[in-house]
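Q: Please take a close look at the largest pocket of this protein chain. What lines the largest pocket, and how much space lies in it?

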Amino acid sequence: MLKRYVAWQLVIVMSLFAIVPRVEAAFSPSQAIALQQVDRESDLRQIQTTLETKIIEQRLQDLGFTEEEIKTRLNQLSDQQIHSLAQKIDDLRVGKDNVLGVIMALLVIAILVVVLLQLTGHKIIVTD
């Protein structure tokens, strides 16, 4: 009797799962963000601060750009283009600070290897 009850419950649950449509999630831009006022001055300060780093400054000089050329090109951009550039700079900064995550992942992998070796009874002997 219990097996039949559990079997029917499983049939009902699996039928409900079959009815549920497949949903895919993704980020979509909000209309409120598009209507938000863009602060050109703060975005320009952020871009200028990034451009003043030694590596970027040296690379721009190697490509043949002077400071005046860079300033005139930045002044030719619209508010939306400057805001988009400032956001992309923020995304780049977030991506390069992931060193701690990589170190933690390597430590977890090393601990898992040691635990698996201990569980299987293997021993590692290092000889010269």
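A: The answer below turns from the chain as a whole to the pocket.

The model is a predicted one, in which local features need pLDDT of at least 70 and side-chain atom pairs count only at pLDDT 80 or more, while totals for chains, interfaces and linings use all residues. Residues are numbered from 1 along each chain as its sequence is written, and side-chain values use heavy atoms, without hydrogens and water.

The protein chain comes to seven helices and zero strands (DSSP runs of H or I with at least four residues, and of E with at least two, numbered from the N terminus). Of its 128 residues, 10% count as buried, that is, under 20% relative accessible area with a 1.4 Å probe and protein chains only.

The largest pocket holds about 290 Å³ of space. A pocket here is an open set of points on a 1 Å grid over the protein atoms alone, where a 1.4 Å probe fits, with protein on both sides within 12 Å along at least five of seven lines; lining residues have an atom within 4 Å of a point. The volume is the space filled by probe spheres set on the points, which are joined across faces, edges and corners.

Helices α3 (40-51), α4 (54-62), α5 (67-76) and α6 (79-96) each supply at least two residues of this lining. The lining consists of Ile47, Thr50, Leu51, Ile56, Arg59, Leu60, Phe65, Ile70, Arg73, Leu74, Leu85 and Ile89. By class, nine of the lining residues are nonpolar, one is polar and two are charged, where Ala, Val, Leu, Ile, Met, Phe, Trp, Tyr, Cys and Pro count as nonpolar, Asp, Glu, Lys and Arg as charged, and the others, including Gly, as polar.

Note on methods:
Buried means under 20% relative accessible area, exposed over 50%, partly exposed in between (1.4 Å probe, protein chains only).
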